[in-house]
Amino acid sequence: MGFNSNLILESPELETPELETFELEISESPKPPLTLETFKPPSTLDPATVLSDNIPTDYIPIATPNLCGNEAKYLMECVQTNFVSTVGPFVKKFEQELCAVTKANYAVPTCSGTSALHLSLKAVGVKENELVIIPSFTFIATANAIRYCGSDPWIFDISEKDWGLDPELLEKTLLEQTLLEQTVLKQPVLKQTVLKQTADKTLLDKPPLTESEFSQKTLIHIQSGKRVAAIILVCTLGIPPSINEILDVAKKFNIPVILDAAGAIGAKYHGKELGELDIPCTVLSFNGNKLITSGGGGCILFKDADLANRIRHLSTTARRATGYLHDEVGYNYRMTNIAAAVGCAQLENLELFLKQKKFIASKYNQLQTKFKSLNIFPNAKENTPNFWLSGFILPNPNLVNEFIEFMRSFGINAQKFWIPIHKQPPYVNSYCTKQDYVESIYKNIVILPCSSHLTEKQLDSIISVVTDGLIKLNVK
Ligand SMILES: Cc1ncc(COP(=O)(O)O)c(C=O)c1O
């Protein structure tokens, strides 16, 4: 079943591991859409059994693939033509269609969003022993990709407005804790050397530098002496962060920006598609729980042809032409034709899925009119989220476990969301800002079923169980 229920039941304080849950949900996907009509009455369904191997057939998961289009047809084409591996026409087609949908100049498909992040960091020049700024509220892959480069995340609190990196906090912290260095310093820089130079911290206030002087400047984190090599922005829940404001700050400090839009395909920022933004690398994931899946996979969107070519080369083992000469250490991060075939079929239904996800979110958001103490997910004016995941914020974290158990007792999955990166064992010692805002919300978040193939009737039934649960918990 790919779901170690015992582990979860024996460790109640651990959040449901995302990956394992999604494995479960994907394995359920070939079944026809689930109905609530066949729900067992709560008295016969012990919440524990919902998590066990004995999963009820009418279990409603959080987000499963919607394979309602040409997926089977295109997969059959792969088998019939024998193109099942990393070469084949669907890879090129997927790439072209991703460019069309996102308005990117170039797209390089990969085997996962995580590998796309790793390559993006390479693309913008992240090396060993450096720092990369990330928001605390993201999936662990954002931080892991930095470690794959031999560097460390510098973890920033998020803003209330969009749950992304907070531009004001970013600027203030960079002003206080970094130094723009004239020369490219050897790594690691001695802390004392850098500290001595803080006297020259007024560099930013000096007459403007010429462009070439500025581009040679390296941003140094004073305390560690490490170069601040990049910023990764994240579209939490498919919501674009404050991109323009952050790009302004990033320009001032000469730091390249990557957008981790893993779950955000179809989202827009100020009316622009993700590939139109002034960002060198934007990452998408097509993991099974995303709005569009390719089974597993990812891609990087590029503006610049040279950068796209370089990263495509790196993603295909840095192999020269067709021989066995590899001109640097590359990666086997290619997408397969099978994955791309599924991705192509999914993209044909993108508009439909976006509409359905928006509808689902709007239905859950209506609960706020009845339960005033519930908060809905952020939705800033300039953003068009893709409503990848839906749910709400409970007024009190102590209610969350009981609410989730209640939902599961009816065979409806509800889940907690990401645990912030500074709380994750591999990153507890990483540099990080104060985390007041993320700490105030992350334990209160509940994610509810939001597969794009849920019917309106199913959704109404889920909402009626949610309503009963909130009343039972005395949520006002
Ligand atoms: C924000 C974020 N970044 C990166 C990833 C990693 O993508 P993948 O699972 O395709 O490696 C995910 C996956 O959920 C994600 O949500």
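What share of the 476 residues of the protein chain count as buried? In this predicted model, the answer is 47%. The secondary structure of the chain comes to 18 helices and 16 strands. Contacts also reach across the sequence: among those with a separation of 6 or more, 74% link residues 24 or more positions apart.

A good place to begin exploring is the interior. The largest nonpolar core has 129 residues, and the members that touch the most others in it are V132, V283 and I300. Helix α13 gives the most to this core, contributing eight residues. Domain 1 (5-60 + 350-414 + 449-472) and domain 2 (71-347) both give residues to the core, so the core lies between them. I300 offers a view of the surroundings of one such residue. Leaving aside residues up to four places away in sequence, I300 touches V108, T110, A116, L119, S120, C281, T282, V283 and I311. One of these partners, V283, is itself among the three core residues that touch the most other members.

Helix α13 deserves a visit of its own. This helix spans residues 337-347, and 11 of its 11 residues are buried, so α13 is largely enclosed by the rest of the structure. The buried residues run from N337, I338, A339, A340, A341 and V342 through G343, C344, A345, Q346 and L347. Their packing partners are three helices, α4 (71-81), α5 (89-102) and α14 (350-365), together with strand β1 (106-110).

Attention can now turn to the ligand. A shell of 14 residues surrounds the ligand, and the closest of them are S112, G113, T114, A262 and S285. Two helices, α6 (113-123) and α7 (140-148), each supply at least two residues of this shell. By class, the shell is made up of nine polar residues, four nonpolar residues and one charged residue.

A small sheet-forming element completes the tour. Three strands form an open sheet in the order β9-β8-β14, and their pairing is antiparallel. The edges are occupied by β9 (272-273) and β14 (383-384), each of which pairs on one side only. Strand β8 covers residues 268-269 and is joined to β14 by two bridges, with the two strands running antiparallel. Within this pairing, K268 stands opposite T384 in β14.

Technical notes:
Residues numbered from 1 in each chain as written. Predicted model: local features only at pLDDT ≥ 70, side-chain atom pairs only at ≥ 80, totals over all residues. Pairing = 2+ DSSP bridges. Helix = DSSP H or I, 4+ residues; strand = E, 2+ residues; numbered from the N terminus. Buried ≥ 20, exposed ≤ 12 C-beta atoms within 10 Å, placed from the backbone. Contact = placed C-beta atoms within 7 Å. Core = buried A, V, L, I, M, F, W, Y, C linked by C-beta atoms within 7 Å. Domains from an automatic or database assignment. Near = placed C-beta within 6 Å. Nonpolar A, V, L, I, M, F, W, Y, C, P; charged D, E, K, R; others polar.
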